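This report describes the fold of one protein for a reader who is new to structural analysis. Please keep the sequence and the structure in view while reading.

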Amino acid sequence: MGAANLIIDAINKTIKALCGEIQEQAAPDLEWRRLSEDRLWHELAVCMFSSQMLYETALGAANRVYEQGLLSFNNWLAHGPSYENSLIAALSEPLSINVHGVNREARPRFKNRLASLLNRTMSEMNACNISLHELLDSSLSEHQAREQLMEQVWGFGPKQASLFLRRIGYCTELAVLDTHLLDYLKLALEMDIKPSALSNLSSYKNMESQFQTIANDFGYPVGCVDLATWITMRVAKRDFL
């Protein structure tokens, strides 16, 4: 067996072992209906920010704007034209984050763009007179919910919308096809897919269907397999790939 095959075999074994651990240790899913509107906006911010920066930085940035009350729709109305500047100010200060067990400071990237995306999304939802709870409740399926989020949330493509629905406990069968999963597909199956190709929903759904087959081969749900793959590839790329 060649070196490349040994690496792939080790990665697949790690993914399968992690799937077992994830299934055993999984906490009860969040129930999105029980989350406050502000908490839903917090999860939305995590997903929006994580497309532009390291996950730990995105989570820290979302936590900060949440703690400062900037993800409250009422506060958006109260701030008026100064809302976007308040977001930029909150995102300008360094964050204390922990990455792979190492504490460090980080500054969110593209703070002006992220502030603009959040502000425009708040404005769009206000213009449509709909809350996140109402948007989700009106959807007849996870696929329709994803499409509605892509239409209403600035900066949301299929990946971000799928991640949001996963994080709030809306569903577990939509794949979150990020760069780590694409790197796995390239390594294991020689599928060279550019992230930009998945900004189109039709292309994304086609690849999602193929990933469903991979998840079936592992014997675990899509949500479990893509999380295990994300963890495995993140460590593998850092340590030996």
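The following paragraphs treat the overall fold, then two helices, then a pair of packed helices, and finally two alanine residues.

**Overall fold**

The structure is a predicted model. The protein contains 12 helices and 2 strands. Read from the N terminus, its elements follow the order α-α-α-α-α-β-β-α-α-α-α-α-α-α. The C-alpha trace spans about 65 × 45 × 35 Å along the principal axes.

A compact globule of 241 residues would have a radius of gyration near 18 Å, and the value for the protein, 19 Å, agrees with this. Buried residues account for 46% of the 241 residues. Of the contacts between residues at least 6 apart in sequence, 67% join residues at least 24 apart.

**Two helices and their lengths**

The table sets out the spans of helices α2 and α12, each taken between the end C-alpha atoms.

| Helix | Number of residues | Expected span at 1.5 Å a residue | Span in the model |
|---|---|---|---|
| α2 | 14 residues | 20 Å | 20 Å |
| α12 | 18 residues | 26 Å | 25 Å |

For α2, which comprises residues 37–50, the span agrees with the expected one. For α12, the reach from the first C-alpha to the last is close to the expected value.

How many of the residues of α2 are buried? The helix is mostly covered, with 11 of its 14 residues buried. These buried residues are Leu-40, Trp-41, His-42, Glu-43, Leu-44, Ala-45, Val-46, Cys-47, Met-48, Phe-49 and Ser-50. They pack against five listed partners, namely α3 (55–67), α5 (83–92), α6 (111–128), α7 (132–138) and α9 (158–167).

In α12, the buried residues include Val-222, Gly-223, Cys-224, Val-225 and Asp-226. Also buried in this helix are Ala-228, Thr-229, Thr-232, Met-233, Arg-234 and Ala-236.

**The packing of α11 and α12**

Two packed helices are described by the angle between their axes and by the distance between those axes. Helix α11 (residues 201–218) and helix α12 (residues 222–239) pack at an angle of about 90°, and their axes are 9 Å apart. Angles of 65 to 115 degrees count as roughly perpendicular, so α11 is roughly perpendicular to α12.

Which residues make this contact? On the side of α11 they are Phe-211, Gln-212, Ala-215 and Phe-218, and on the side of α12 they are Val-222, Val-225, Asp-226 and Thr-229. Sorted by class, the contact has 5 nonpolar, 2 polar and 1 charged residues. The four contributors from α12, Val-222, Val-225, Asp-226 and Thr-229, also appear among the buried residues of that helix.

**Two buried alanines**

Ala-161 is located in helix α9. Its relative accessible area is 0%, and the residue is therefore buried. Apart from residues up to four places away in sequence, Ala-161 touches Arg-146, Leu-149, Met-150 and Phe-156. Val-176 stands 15 residues from Ala-161 in sequence, and their C-alpha atoms are 8.8 Å apart.

Ala-115 belongs to helix α6. Is this residue buried or exposed? Ala-115 counts as buried because its relative accessibility is 1%, and the cut-off for buried is under 20%. Setting aside neighbours within four places in sequence, Ala-115 is in contact with Glu-84, Leu-87 and Ile-88. Ala-115 and Asn-129 are 14 residues apart along the chain, with 21 Å between their C-alpha atoms.

How values were computed: Residues are numbered from 1 along each chain as its sequence is written. This is a predicted model: local features need pLDDT of at least 70, side-chain atom pairs count only at pLDDT 80 or more; totals for chains, interfaces and linings use all residues. Side-chain values use heavy atoms; hydrogens and water are left out. Axes are lines fitted to C-alpha atoms, for helices over the stretch in contact, and angles run from 0 to 180 degrees between N-to-C directions. Angles under 35 degrees count as roughly parallel, over 145 as roughly antiparallel, 65 to 115 as roughly perpendicular and the rest as oblique. Contact means heavy atoms within 4.5 Å. Ala, Val, Leu, Ile, Met, Phe, Trp, Tyr, Cys and Pro count as nonpolar, Asp, Glu, Lys and Arg as charged, and the others, Gly among them, as polar. The expected span of a helix is 1.5 Å times one less than its number of residues. Buried means under 20% relative accessible area, exposed over 50%, partly exposed in between (1.4 Å probe, protein chains only). The radius of gyration is taken over C-alpha atoms; the globule rule is 2.2 Å times the number of residues to the power 0.38.
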